[in-house]
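User: I am a first-year student. Please walk me through this model in short questions and answers.

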Amino acid sequence: MSESSQFNLLGQRRFGPFFATQTLGAFNDNVFKNALVILVTFGIAGLSGDQINAYVNLAGGLFILPFFLFSATAGQIAEKFEKSGLIRGIKLAEIAIMVLAAVGLYLGEIHLLLGVLFLLGAQAAVFGPVKYSILPQALREEELVGGNALVEAATFLAILLGTLLGGWLIGREGGANATGIAVVIFAVMGYLAARAIPTTPATAPDLRINWNPLTETWRNFQFMRGNRTVLLSVLGISWFWLYGATFLSQLPNYTKVYLGGNQQVVTLLLTVFSLGIGLGSLLCERLSGHKVEMGLVPFGSIGLTVFGIDLYFAAPEAATITGQGAMAFLREATNHRVLWDLVLIGLFGGFYIVPLYAVIQTRSEPTHRSRIIAGNNILNALFMVVSAIVSVLLLKSGLTIPQLLLTVAIMNAAVAVFIYSLLPEFLMRFMVWILISLLYRIRTEGLENIPDEGGAIVAPNHVSFVDALIIGGTVRRPIRFVMYHKIFRIPVLNFIFRTARAIPIAPARENPELLQKAFVEIERALRDGELVGIFPEGGLTPDGAIQTFKPGIEKMLETTPVPVIPMAVRGLWLSMWSRRDSTLGRSRLPRRIRARIELIAAPPMDGTTLKAVDLEAQVRALRGDRP
């Protein structure tokens with residue numbers, strides 16, 4: 001699967017039916033929501049302007065409210081029960097809700113329709129924890145980024161298309177009846193797709209459900225606090241929803257006042273933004289190399305800030321014309337900058353959001369995963385409410401809409417710096433990802449031999465100064481490398497090594513105290529179930545050949561006998577980071593950009609009987625004749 005496209009998942013039963021189910025659900029929700037907003041605004045006679053505003057704002061609140069009320073319980077239900085049956089039950093409930101919607105549309109009964117919107121919000125709140133927690137059970141870890149990317153891309157496109165169809169249907173002759181029939185049909189289609197979802201076992205079947213939403217919400221937050229990476233990933237996702245909600249909620253007025261456009265231009269801007277999100281989400285798999293790459297998150301946050309700021313400079317003043325259609329808007333070359341900014345905000349938003357969801361799915365305990373996702377949904381809803389309140393306050397204080405968007409973009413930079421200072425692993429992975437992506441193409445083989453949990457040692461040959469970075473950036477488990485203390489202290493790289501909790505070591509003749517301290521730390525790490533990386537040669541190869549493996553690894557295994565995974569690094573001897581050029585007196589500039597290198601791992605060797613000479617022979621066989 002490491003060389004397969006994420007689109008291959010669409011044809012597999014373990015993903016395809018679920019994908020169709022959730023996409024149809026997102027599409028159908030937005031068909032109804034937009035039809036309701038337009039019906040309230042234009043279709044119900046006798047409503048005053050104040051009543052229209054009240055109903056439109058009430059509609060938004062009614063859809064979000066269930067996330068506060070029901071998410072905590074929904075997370076528990078998703079843990080306790082088999083998930084495919086839950087999804088089918090949720091889709092049956094959607095059919096019943098949409099039948100009520102059809103009745104309300106036929107009668108033109110606004111209060112019934114608002115009640116339907118609340119029920120749709122409740123259904124979405126229940127579906128959310130199942131939606132994201134089923135993916136780690138259905139997909140392999142190397143497929144998670146691709147699966148999440150497809151879900152995120154399809155969701156945003158479904159929201160866009162559903163919004164467009166809802167507006168088009170309700171505006172036609174007899175549109176209320178046509179909309180009612182359509183939403184029932186789409187709900188039935190979603191249920192039929194759900195029937196093909198394979199059985200997905202409960203992760204905590206013995207869980208006793210706590211029906212108190214307040215205490216259970218607090219418990220969900222405690223689960224998050226137990227894992228710093230997960231907690232900050234949740235906060236990062238919620239911040240993205242605040243950022244996005246601010247931009248999207250201001251888009252209609254921004255278009256009217258500062259771009260001089262009509263509803264067609266609003267639709268155009270929503271379209272390019274959604275396409276950007278979709279494209280960014282889908283590119284995540286290729287950019288991350290089929291693994292959960294946290295390094296894309298800082299990359300995404302940089303783009304969100306840069307192009308959010310540029311959007312301010314693209315149109316800071318009110319337009320001198322009004323009511324332009326889409327074609328007239330596109331004919332003005334100065335407007336293209338706005339379009340590109342929105343596309344790129346969406347693109348980098350995809351880079352930002354997809355890895356964060358994958359981090360939560362892979363770093364959360366399976367028995368708590370659904371409840372953590374439920375807590376994430378609660379925070380998302382809270383941040384969107386905060387977005388609305390803060391936007392109103394800042395606009396009333398005198399800020400213009402472009403200034404509000406500029407403020408949020410600058411705040412995004414501040415939030416990013418805060419999160420990465422608390423969890424520098426994100427920034428470290430970004431630096432490693434940049435290095436690997438710019439300079440190398442990596443082929444891997446046998447990395448599945450590295451155990452998913454428990455103490456173990458990875459033992460590669462040592463070719464270059466960046467071996468640890470490349471191996472650590474490619475293997476999905478964090479590795480604590482044992483490295484020569486002078487390499488550990490190299491400027492810039494030292495930040496990465498410290499963040500990755502590398503263990504500096506020195507020969508006994510140089511620093512016996514540091515050597516002893518390193519052995520103590522290695523033993524502690526292995527007993528704690530961590531993955532440790534050791535270069536048994538004891539130093540960089542001076543000539544490209546594998547040097548004799550030192551017996552130090554045998555000493556480490558005496559106190560903590562763990563599996564040892566032999567690994568071969570191929571192709572790095574020709575890089576600027578090896579000793580080849582300095583030995584030959586040549587320039588140390590890279591001769592090949594995007595050079596192909598290889599990481600090959602063999603099955604684990606038994607640490608209780610391992611000898612350095614046997615490990616050396618295995619690594620030599622893996623490396624072959626390519627230094």
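Analyst: Start with a definition: two strands pair if DSSP finds at least two bridges between them. Strands (E, at least two residues) and helices (H or I, at least four residues) are DSSP runs, numbered from the N terminus. This is a predicted model, where local features need pLDDT of at least 70, side-chain atom pairs count only at pLDDT 80 or more, and totals for chains, interfaces and linings use all residues. Residues are numbered from 1 along each chain as its sequence is written, and side-chain values use heavy atoms, with hydrogens and water left out.

User: In which sense do strands β2 and β5 pair?

Analyst: Strand β2 covers residues 456–460. Its Ile457 stands opposite Val532 in β5. Three bridges join the two strands, and the sense is parallel.

User: Which residue in β5 stands opposite Ile479?

Analyst: Strand β3 (residues 479–484) also runs parallel to β5, with four bridges between them. Opposite Ile479 in β5 stands Leu531.

User: Which residues cover the two faces of strand β5?

Analyst: Buried means under 20% relative accessible area, exposed over 50%, and partly exposed in between (1.4 Å probe, protein chains only). Strand β5 spans residues 531–534, and both its faces are covered by buried residues. One side has Leu531 and Gly533; the other has Val532 and Ile534.

User: Why is strand β7 largely enclosed by the rest of the structure?

Analyst: Look at residues 595–601, which form β7. The strand is largely enclosed because the buried residues number six of the seven.

User: How many bridges join β6 to β7?

Analyst: Strand β6 covers residues 564–570 and runs antiparallel to β7. One bridge partner of its Met567 is found in β7: Ala601. The number of bridges is four.

User: What is the bridge partner of Thr444 in β7?

Analyst: Strand β1 (residues 440–445) pairs with β7 in the parallel sense, over six bridges. In β7, the partner of Thr444 is Leu599.

User: How far apart in sequence are the parts that Glu598 and Arg443 tie together?

Analyst: A salt bridge is a side-chain nitrogen of Lys or Arg within 4 Å of a carboxyl oxygen of Asp or Glu. Glu598 and Arg443 form one, with the closest N and O atoms 2.8 Å apart. Glu598 lies in strand β7 and Arg443 in strand β1, so the parts they tie together are separated in sequence by 155 residues.

User: Is Arg443 buried or partly exposed?

Analyst: Its partner Glu598 is buried, at 11% relative accessible area. Arg443 has a value of 27%, so it counts as partly exposed.

User: Which backbone nitrogen does the side chain of Gln76 reach?

Analyst: Gln76 sits in helix α2 (residues 49–80). Its relative accessibility is 0%, so Gln76 is buried. A polar contact is a pair of N or O atoms within 3.5 Å; within protein, one must be able to donate a hydrogen and the other to accept it, and residues adjacent in sequence count only if both atoms are side-chain atoms. At 2.6 Å, the side chain of Gln76 reaches the backbone nitrogen of Asn210.

User: How many residues separate Arg371 and Glu79?

Analyst: Their side chains meet in a salt bridge at 3.6 Å, N to O. Arg371 is in helix α13 (residues 369–396) and Glu79 in helix α2, so they link distant parts of the chain, 292 residues apart.
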